[in-house]
Amino acid sequence: LPEGQFVFVSGEVIRPGQILFTNGLTASQAVTLAGGPSALAWLSRAFIIRNGEQISVNLKRIRDGKSSEIMMQPGDELYIKKSAF
């Protein structure tokens, strides 16, 4: 693995910023490494920006065991929206 590969977590997390990419890193793990979701996080409306494409990620369904985990790739940005409520 080349040095300096990161993923980015932004939006409604405790510590937004870059996280060192490791093989097998999942979207849920990336959120945990960013300090976890904030109280205003809309976990069902998260998304990954990968190569200019937006990929929907329902972290609530993943957490509840109802959807498969999403694997992160170097350079991905995981964004968690602010809840509308």
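Q: Which residues is Val9 in contact with, leaving aside its neighbours within four places in sequence?
A: In this predicted model, Val9 is in contact with Pro16, Gly17, Ile19, Ala30, Ala34 and Leu78. These count as contacts because heavy atoms lie within 4.5 Å. Among these residues, Leu78 in β5 also stands opposite Val9.

Q: What makes β1 and β5 a pair of strands, and in which sense do they run?
A: Strand β1 (residues 6–11) and β5 pair in the parallel sense over four bridges, and the rule for a pair asks for at least two bridges, so the two strands qualify. Further along, the bridge partner of Gly11 in β5 is Ile80.

Q: How do you know that β3 and β5 are paired, and is the sense parallel or antiparallel?
A: Three bridges join β3 and β5 in the antiparallel sense, and since at least two are needed, these strands count as paired too. Ile49, for instance, has Glu77 in β5 as its bridge partner.

Q: What is the order of the strands in the sheet, and which strands stand at the edges?
A: The sheet is open, has five strands in the order β2-β1-β5-β3-β4, and shows mixed pairing. At the edges stand β2 (17–20) and β4 (53–57), each with a single partner strand, so one side of each is left without a neighbour in the sheet. From one strand to the next, the twist averages 25°.

Q: Which residues of β5 lie on the covered face, and which on the uncovered one?
A: The covered face of β5 has Leu78 and Ile80, whereas the uncovered face has Glu77 and Tyr79. Leu78 and Ile80 appear again in the largest nonpolar core, which has 20 residues, and there they are among those that touch the most other members, together with Val9, Val57, Leu59 and Met72. At least two residues of this core are supplied by each of β1, α1 (27–33), β3, α2 and β5, and the largest share, three residues, comes from α1.

Q: Why is the contact between Arg50 and Asp76 called a salt bridge?
A: The closest N and O atoms of Arg50 and Asp76 are 2.7 Å apart, and the rule asks for a side-chain nitrogen of Lys or Arg within 4 Å of a carboxyl oxygen of Asp or Glu, so the pair meets it. Arg50 lies in strand β3 (residues 46–50) and Asp76 in the loop between α2 (59–63) and β5 (77–80), so the pair ties together parts that are 26 residues apart in sequence. Both Arg50 and Asp76 are buried.

Q: How many salt bridges does a search of the whole structure find, and which residues are linked in a network?
A: The search finds three salt bridges, and Lys60, Arg63 and Asp64 are linked in a network of them. Lys60 and Asp64 have their closest N and O atoms 3.0 Å apart, while Asp64 and Arg63 meet at 3.6 Å, N to O; both distances are within 4 Å, so both contacts qualify.

Q: What makes Arg63 exposed, but Lys60 and Asp64 partly exposed?
A: Arg63 has a relative accessibility of 54%, and exposed means over 50%, so Arg63 belongs to that class. Lys60, at 40%, and Asp64, at 37%, fall between the limits of 20% and 50%, so they count as partly exposed.

Q: Why is the aromatic pair of Phe47 and Tyr79 called tilted?
A: One aromatic pair is counted in the structure. The ring centres of Phe47 and Tyr79 are 5.3 Å apart and their planes stand at 40°; the centres are therefore within the 6.5 Å limit, and the angle is neither under 30 degrees nor over 60, so the pair is tilted. Because Phe47 lies in strand β3 and Tyr79 in strand β5, the pair ties together parts that are 32 residues apart in sequence. Phe47, at 10% relative accessibility, counts as buried, whereas Tyr79, at 30%, counts as partly exposed.

Q: How do you know that Ser83 is buried?
A: Ser83 has a relative accessibility of 19%, and buried means under 20%, so the residue falls in that class. Ser83 has its place in the segment after β5, and, not counting residues up to four places away in sequence, Ser83 touches Leu40, Ala41 and Trp42.

Definitions and conventions: Residues are numbered from 1 along each chain as its sequence is written. This is a predicted model: local features need pLDDT of at least 70, side-chain atom pairs count only at pLDDT 80 or more; totals for chains, interfaces and linings use all residues. Side-chain values use heavy atoms; hydrogens and water are left out. Buried means under 20% relative accessible area, exposed over 50%, partly exposed in between (1.4 Å probe, protein chains only). Rings of Phe, Tyr and Trp (its six-membered ring) pair if their centres lie within 6.5 Å; planes under 30 degrees apart count as stacked, over 60 as edge-to-face and the rest as tilted. Axes are lines fitted to C-alpha atoms, for helices over the stretch in contact, and angles run from 0 to 180 degrees between N-to-C directions. A nonpolar core is a set of buried Ala, Val, Leu, Ile, Met, Phe, Trp, Tyr and Cys residues joined through side-chain atoms within 4.5 Å.
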